[in-house]
Amino acid sequence: MDFQPTERQVYWRDRVRDFIETHVRPNMGTYYEQDAEGDRWKVIQIIEDKKKLAKDAGIWNLFMPPRNESHHHVDDTFEFEGPGLTNLEYALCAEEMGRIGWASEVFNCSAPDTGNMEVFHRYGTREQKETYLGPLMNGEIRSAFLMTEPFTASSDATNIETRIERDGDEYVINGCKWWSSGLGDPRCKVSIVMGKTDFSAGRHAQQSMLLMPNDAPGVNIIRHLPVFGYDDAPHGHMEVEMKDVRVPVTNMLLGEGRGFEIAQGRLGPGRIHHCMRTIGVAEEALEKMCKRLQEREAFGKPIYKHSVWEERVARARIDIDMTRLLCLKAADMMDKVGNKSAKQEIAMIKVQAPNMALQIIDDAIQAHGGGGVSNDYGLASAYAHQRTLRLADGPDEVHARSIARMEFGKHVPQEGPTANALRKGGAAANDAGGFSSGDMGATR
């Protein structure tokens with residue numbers, strides 16, 4: 001196993017890092033000033049200015065897969081602009097982006113657009129790509145992904161209740177979604193909606209994904225949902241009602257009953273993208289903690305010389321490096337053997353990364369004292385965001401369930417009820433190492 005980054009990996013990582021340190025970090029003050037001015041739901045100009053620079057420099061759409069990636073496109077003729085990085089190559093870039101919250105958008109690599117663009121790229125028709133993928137890849141519009149619902153446990157996506165019914169040349173959508181991230185942005189023009197087209201079909205064949213223009217009649221944003229008091233403007237997380245919303249039948253993705261298939265293709269990369277950025281968040285928190293501990297004194301000596309802090313900093317470094325290795329392993333497996341074969345590694349990193357970051361951010365908050373819970377150092381908002389990642393794209397419990405079932409599947413006893421069930425072809429055989437519906441989780 002070679003732990004040395006390749007020349008190509010270093011090239012793209014360093015280009016992203018240098019751009020952030022030259023153009024993003026020095027403009028943090030400008031960003032906060034513009035963010036605080038006037039309407040909360042607006043376009044922040046400093047991001048648009050830096051997006052143009054990044055696009056002109058070719059550091060753009062880094063998450064898009066290589067053109068020769070093997071998967072079943074509906075249409076292979078649509079050209080996209082991007083370097084075609086592998087998951088492993090992108091992992092190192094995403095870690096750098098994770099250090100500053102708005103950096104990802106500068107490179108047109110922010111969620112949920114990244115996952116949505118991959119859906120269009122993998123499963124969209126030529127018309128769908130020209131209408132939405134092109135403008136998304138150019139950074140002209142934003143998008144949302146609507147799956148989670150307020151009245152059902154959406155960690156099991158078979159529970160969703162939104163109806164998508166065919167009526168001639170149109171589909172009619174009725175339902176309510178929440179935690180629809182991105183709908184607050186005035187540039188958000190389209191949502192990918194997951195609903196049920198056939199309630200009588202098999203458990204995983206009822207769901208479909210449909211493209212919904214956000215300005216369609218019957219689309220009503222009910223309220224904005226803050227996260228621990230943060231509005232995350234202009235991105236936002238909305239509860240949205242769809243009442244008799246009509247869209248053309250050509251807006252169906254892949255076909256009726258194919259929603260789970262699309263979701264599994266979307267969520268593997270989406271989950272690991274979160275984890276890649278989370279490592280950058282943790283590195284940033286550790287850096288702030290180390291600097292703060294060396295700047296202050298308590299009880300007659302610098303705080304960092306108190307043994308409890310030496311232990312916490314050491315643990316942080318160990319945990320970040322271990323988590324990074326697991327993340328890179330998952331990314332490498334996705335590249336070499338595919339998302340499905342890497343599902344245990346993806347599940348493991350999705351549990352590990354936010355929990356690791358939360359502990360380090362918590363220690364950094366403690367090191368900053370009262371300042372840590374203020375907005376002055378960005379630690380409180382980082383904690384709030386990382387805490388949501390224990391729910392987004394599937395709660396910890398769902399991923400742990402999958403990990404455990406795959407592990408049980410490796411060690412089936414020769415005798416006993418489990419072995420008997422397996423011999424009879426019962427449910428245990430299907431669940432051992434299987435991709436359960438709950439793996440889809442609550443996507444934001």
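This short presentation walks through selected local features of the structure shown above.

Good morning, colleagues. Please bear in mind throughout that this is a predicted model.

I begin with helix α6, which spans residues 113-123. How many of its eleven residues are buried? The count is eleven of eleven, so the helix is mostly covered in the sense of under 20% relative accessible area. The buried set contains charged side chains as well as nonpolar ones, among them Asp-113, Glu-118 and Arg-122 alongside Met-117, Val-119 and Phe-120. His-121 and Tyr-123 belong to the buried residues of α6 too.

Leading into this helix is the loop between α5, residues 103-106, and α6, and Pro-112 sits in that loop. The peptide bond joining Ala-111 and Pro-112 is cis, with omega about 0 degrees.

A second cis peptide bond deserves mention here. It joins Ala-233 and Pro-234, again with omega about 0 degrees. Where does Pro-234 lie? Its place is the loop between β6, residues 219-224, and β7, residues 237-248.

That loop between β6 and β7 also holds Phe-228. Although Phe-228 is not a glycine, its phi is positive, at about 50 degrees. Is Phe-228 buried or exposed? Its relative accessible area is 60%, and because the cut-off for exposed is over 50%, Phe-228 is exposed.

Another non-glycine residue with a positive phi of about 50 degrees is Trp-179. Trp-179 is found within a strand, namely β3, residues 170-181. With a relative accessible area of 23%, Trp-179 is partly exposed, because this value falls between the 20% limit for buried and the 50% limit for exposed.

Let me turn to the strand pairing. Strand β4, residues 188-196, runs antiparallel to β5, and seven bridges join the two. As one specific contact, Val-190 has Pro-213 in β5 as its bridge partner. Strand β5 itself covers residues 207-213 and is mostly covered, with six of its seven residues buried.

Finally, I come to the surface. Which residues form the nonpolar patch with about 430 Å² of accessible area together? They are Met-1, Phe-3 and Leu-325. Met-1 lies in the segment before α1, residues 7-24. Its relative accessibility is 87%, so Met-1 counts as exposed.

To recapitulate, helix α6 has eleven of its eleven residues buried, whereas Met-1 is exposed at 87% relative accessibility. The loop between β6 and β7 contains both Phe-228 and Pro-234. Thank you for your attention.

Notes
Residues numbered from 1 in each chain as written. Predicted model: local features only at pLDDT ≥ 70, side-chain atom pairs only at ≥ 80, totals over all residues. Heavy atoms only, no water. Buried < 20%, exposed > 50% of the residue type's maximum accessible area, 1.4 Å probe, protein only. Helix = DSSP H or I, 4+ residues; strand = E, 2+ residues; numbered from the N terminus. Pairing = 2+ DSSP bridges. Patch = residues over 30% accessible without salt bridge, like charges linked within 9 Å, V, L, I, M, F, W, Y side chains within 5 Å. Areas by Shrake-Rupley, 256 points an atom, 1.4 Å probe, with all protein chains shown as cover. Salt bridge = Lys/Arg side-chain N within 4 Å of Asp/Glu carboxyl O.
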